[in-house]
Amino acid sequence: MQNKAVGLGTLDAKIIFYIRNCPPLAHYQNLTSVKALVTDEIADIARETGNHWRKIFNVYAKLLFEISPEQFTSWQHLRDSVLLQAESDHCLLFSAPNLSVADCSEANLLSAKPSQKLHIILGKGYAEQLGLCNSCIWLSHDFAINIDLGVIICPYFDYRQLSNKKITQLSALIQQLTAHQVQSKMDG
């Protein structure tokens, strides 16, 4: 039985981010589906919950701006105008990903088709809880990938764990994996 997706943004996003927790406000704690945010909702969450969620949204916006800055004057502009809103291509899920780790034997990895979406797990601890660490290749202490599942494990979205330098590294990984997925589709 697959779990139901619960979080913020839109499920149409090509890159889905997974976080173990959700904002400590009743409205978000009681979500049963994916909800698009509205203008100023990120600011409201940050104001009501404190620094922790402000940092998460800031790091998320910095990463997206690093990947694709064309439409925005700054990462703050991206955060305040579209992050996790209905017209965005962003998704942050509080529910666990629906991945088939059982299909990750070496024989299956050679013949598996790459995932259509990229799944980014925030935090090694969360990835361990999900049972994903052993099915990924660790590129460094901070980053791991499984190309066939379309998974990247990265540090938690916090300035101390995901510094600007690591945001740049994660951006490059995302661009490499999405290019691989596009190439595999064309070859398939």
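The following questions and answers walk through a predicted model.

Student: Which residues and atoms count here?
Tutor: Residues are numbered from 1 along each chain as its sequence is written, and side-chain values use heavy atoms, without hydrogens and water. As the model is predicted, local features need pLDDT (the predictor's confidence in each residue, from 0 to 100) of at least 70, totals for chains, interfaces and linings use all residues, and side-chain atom pairs count only at pLDDT 80 or more.

Student: In what order do the eight strands of the open sheet stand?
Tutor: Strands here are DSSP runs (E, at least two residues), numbered from the N terminus, and two of them pair if DSSP finds at least two bridges between them. The pairing is mixed, and the order is E3-E1-E4-E2-E5-E8-E7-E6.

Student: Why is one side of E3 and of E6 left without a neighbour in the sheet?
Tutor: Strand E3 (34-35) and strand E6 (137-138) each have a single partner strand, so one side of each stays free of a sheet neighbour. Their place is at the edges.

Student: Which residue of E8 stands opposite isoleucine 121?
Tutor: Strand E5 (residues 118-122) runs parallel to its partner E8 (residues 151-154), with four bridges between them. Opposite isoleucine 121 is isoleucine 153.

Student: Is threonine 10 buried or exposed?
Tutor: Threonine 10 sits in the loop between E1 and E2. Its relative accessible area is 13%; buried means under 20%, exposed over 50%, and partly exposed in between (1.4 Å probe, protein chains only). Threonine 10 is therefore buried.

Student: Where in the protein chain is confidence highest?
Tutor: The chain has a mean pLDDT of 88. The highest confidence, at 98, is in E4.
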